[in-house]
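Before reading on, please take a moment with the sequence and the coordinates shown here. The report that follows is meant for someone meeting this structure without earlier acquaintance.

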Amino acid sequence: NAIEVTKKAKKAPKNNDEYKGVWVFIEQRTGKIDTVALELLSEGRKLADELKVELAGVLLGENVADLAKECFAYGAEKVYLVDGPVFKDYRTDSYTEAIVEIINQYKPEILLFGATNNGRDFAARIAVRITTGLTADCTALSIDPETRLLRQTRPAFGGNVMATILCPNHRPQMATVRPKVMKMDEPDYSRIGEVIRCESSVKEADMTTKILDIIQSISHTVNLQDAEIIVSGGRGIGGPENYRLIEELAEALGGVAGASRAAVDAGWVPHYRQVGQTGKTVSPKLYIACGISGAIQHLAGMNTSEIVVAINNDPEAPIFNIATYGLVGDLHQIVPMLTQKIKTL
Ligand code: FAD
């Protein structure tokens with residue numbers, strides 16, 4: 001189902017050969033690196049090895065130099081650091097300006113961002129400023145062996161095809177990547193690297209926005225993206241009252257309950273539990289899909305799970321094509337039996 005799309009941008013920079021190295025934006029908040037940046041460093045290491053170039057992190061913040069060690073542990077050889085009070089909290093204008101300045105100075109060949117709220121917000125703005133393309137929401141990256149271009153794969157047309165996008169004429173090649181899509185390597189804290197402190201012309205007086213206060217959102221007790229075990233219910237549960245079967249199994253396993261969009265759209269389950277293309281991308285050790293048919297948009301959010309167990313009364317349901325173990329039957333009987341059995345173990 002792969003289609004090749006070539007981006008057409010207006011102006012080509014003069015010399016693409018000047019652009020070298022793979023960079024990852026190190027998103028951090030209050031001195032803690034977002035795990036998507038560590039996933040991207042792990043993936044970036046593979047891309048850089050294939051291209052035989054350096055991997056670097058780009059780190060912005062106030063008093064964040066210590067975080068460079070973690071970047072080295074996950075494979076970076078260099079960290080470009082922009083440190084100062086004006087970068088304490090993320091702001092579109094300050095971060096865009098500073099990153100554009102260091103791209104123009106050091107010229108990376110590839111630049112990767114997590115498809116987080118912030119990454120989505122400013123990666124596109126940076127791409128416009130430096131006249132290059134951006135592939136948003138990638139689910140796979142690789143190097144084309146012939147052209148050495150970055151192959152950027154993402155769902156297109158409502159998830160019905162996977163589009164592989166190349167950016168042959170412009171540099172850097174830029175992509176945002178969804179959290180939990182790339183596997184994070186084990187860190188090696190014996191690795192060391194070089195911190196390059198970058199000057200920035202960004203001044204507080206030039207900023208169009210000021211941060212007055214940061215109010216933490218009320219966090220729901222579920223954290224699907226970090227869960228190692230997820231039990232999800234779909235339309236097959238038949239109604240909101242039966243979602244407790246899913247929650248009870250999840251609880252017995254020490255996991256978290258998720259859902260398909262059909263169950264969410266029906267109003268049976270809140271949206272923050274939705275797994276899939278327009279919900280959360282998850283990659284647990286165990287994913288149990290109960291009464292879920294296996295639509296491509298659902299699979300896009302969970303098909304990197306280590307073990308998938310499908311419970312469905314239709315033996316032809318597509319979910320069985322990707323399931324490690326399949327149980328054909330009525331979930332209303334199977335799920336409570338499983339919960340009971342697990343509780344007695
Ligand atoms: P169905 O496809 O209706 O499947 C229900 C399954 O339950 C069937 O296989 C049936 O055999 C089984 N079943 C019925 N009764 C029982 C029983 N008693 N015991 C056992 N099995 C039973 N979907 C998502 O999930 N996440 C997304 O993020 C998402 N994003 C989308 C984005 C776009 C742009 C579009 C167009 C669609 C998106 N969808 C998403 C919707 C997706 O296409 C499917 O419609 C949806 O995943 C179907 O949910 P389901 O499997 O629960 O329901």
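What follows describes the confidence of the model, then the surroundings of the ligand, and then the two pockets.

## Confidence

The structure is a predicted model, and its scores are therefore the place to begin. The protein averages a pLDDT of 93, and 94% of its residues score at least 70. For the model as a whole, the scores are ipTM 0.99 and pTM 0.73. As a general caution, predicted coordinates should not be read in detail where pLDDT is low.

## Around the ligand

The ligand is surrounded by 25 residues, and those that come nearest are Arg235, Ser260, Thr278, Ser293 and Asn312. Sorted by class, this shell holds 16 polar residues, together with five nonpolar and four charged ones. Three helices, α6 (261-265), α7 (296-299) and α9 (331-344), each contribute at least two residues to the shell.

Some polar contacts of the ligand can be given atom by atom, and the table sets them out with their distances.

| Residue and its N or O atom | Ligand atom | Distance |
|---|---|---|
| Gly279, backbone | oxygen | 3.3 Å |
| Asp330, side chain | nitrogen | 2.9 Å |
| Leu331, backbone | nitrogen | 2.9 Å |

Taken alone, the ligand would expose 980 Å², of which the protein buries 76%.

## The pockets

The largest pocket has a volume of about 1800 Å³, and its lining is made up of 41 residues. Those nearest to its centre are Glu27, Arg29, Asp34, Thr116 and Asn117. Several elements supply at least two lining residues each, namely the strands β2 (22-26), β3 (28-29) and β4 (32-33) and the helices α1 (35-51) and α4 (117-129). By class, the lining of this largest pocket divides into 15 nonpolar, 14 polar and twelve charged residues.

For the second largest pocket, the volume comes to about 450 Å³. Of the 19 residues that line the second largest pocket, Glu39, Lys180, Lys183, Met184 and Ser283 are the closest to its centre. How does the lining of the second largest pocket divide by class, or, put otherwise, how many of its residues are nonpolar, polar and charged? The lining of the second largest pocket contains nine charged residues, seven nonpolar residues and three polar residues.

Note on methods. Residues numbered from 1 in each chain as written. Predicted model: local features only at pLDDT ≥ 70, side-chain atom pairs only at ≥ 80, totals over all residues. Heavy atoms only, no water. Near = heavy atom within 4 Å. Polar contact = N/O pair within 3.5 Å; in protein donor to acceptor, adjacent residues only side chain to side chain. Areas by Shrake-Rupley, 256 points an atom, 1.4 Å probe, with all protein chains shown as cover. Helix = DSSP H or I, 4+ residues; strand = E, 2+ residues; numbered from the N terminus. Nonpolar A, V, L, I, M, F, W, Y, C, P; charged D, E, K, R; others polar. 1 Å grid on protein atoms, 1.4 Å probe; cavity = no way out; pocket = protein on both sides within 12 Å on 5 of 7 lines; lining within 4 Å. Points joined across faces, edges and corners; volume = space filled by probe spheres on them. pLDDT = per-residue confidence, 0-100.
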